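Here's a quick tour of one chain, starting at a single residue and then zooming out. Have the viewer open as you read.

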Amino acid sequence: GTEVANSNNYSRLAINAAGGAQPSWAAASGNSVTNANAWNMPTPSGSWGTVVASFIADSATYGAGNILLYDNGITDQAVASGDTVTYPTGDFDFSQV
């Protein structure tokens, strides 16, 4: 996949892996982990194109780091200026099998 263009106020979220400060992960249960609170992306100042997947990387810097987890099971969404882009609490979850 290709990351959204580095423009129109797009930036990656830095997720607090240890919990505490938001945005953060909930405590793992079994082999699963989910977001402990809503993760809100910056408000787009223009089009981000059509978003077709989400990923977790080991860097908050655009274009840097390694993609650790990738999910294209989301509904394709055209993101335009002023849209709200959020992952509601509990909606971003991963399981290791």
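## Starting at Asn35

Not counting neighbours within four places in sequence, Asn35 touches Ser24, Trp25, Ala26, Tyr87, Pro88, Thr89, Gly90, Asp91 and Phe92, where contact means heavy atoms within 4.5 Å. Before going on, note that this is a predicted model, with local features needing pLDDT of at least 70 and side-chain atom pairs counting only at pLDDT 80 or more, while totals for chains, interfaces and linings use all residues. Residues are numbered from 1 along each chain as its sequence is written, and side-chain values use heavy atoms, with hydrogens and water left out.

Where does Asn35 sit? You'll find Asn35 in the loop between strand E1 (32–34) and strand E2 (39–40); strands here are DSSP runs of E with at least two residues, helices are runs of H or I with at least four, and both are numbered from the N terminus.

Is Asn35 buried or exposed? With a relative accessible area of 1%, Asn35 is buried, because buried means under 20%, exposed means over 50%, and partly exposed is in between (1.4 Å probe, protein chains only).

The side chain of Asn35 also has polar partners on the backbone. A polar contact is a pair of N or O atoms within 3.5 Å; within protein, one must be able to donate a hydrogen and the other to accept it, and residues adjacent in sequence count only if both atoms are side-chain atoms.

| Backbone atom | Distance to a polar atom of the Asn35 side chain |
|---|---|
| Asn37 oxygen | 2.9 Å |
| Phe92 nitrogen | 2.8 Å |

## Two other asparagines

Now scroll back to the segment before E1, home to Asn8 and Asn9. Asn8 has a positive phi near 55° despite not being a glycine, and for Asn9, also no glycine, phi is positive at about 70°. Asn8 is partly exposed at 29% relative accessibility; Asn9 is partly exposed too, at 43%.

## Zooming out

How many helices and strands does the chain have? There are zero helices and eight strands, so the pattern along the sequence reads β-β-β-β-β-β-β-β.

The C-alpha atoms fill a box of roughly 40 × 25 × 25 Å along the principal axes. The radius of gyration is 13 Å, which agrees with the value near 13 Å for a compact globule of 97 residues.

Of the 97 residues, 23% are buried. Among contacts between residues at least 6 apart in sequence, 66% join residues at least 24 apart.

Terms used
Rg over C-alpha atoms; globule rule 2.2 N^0.38 Å.
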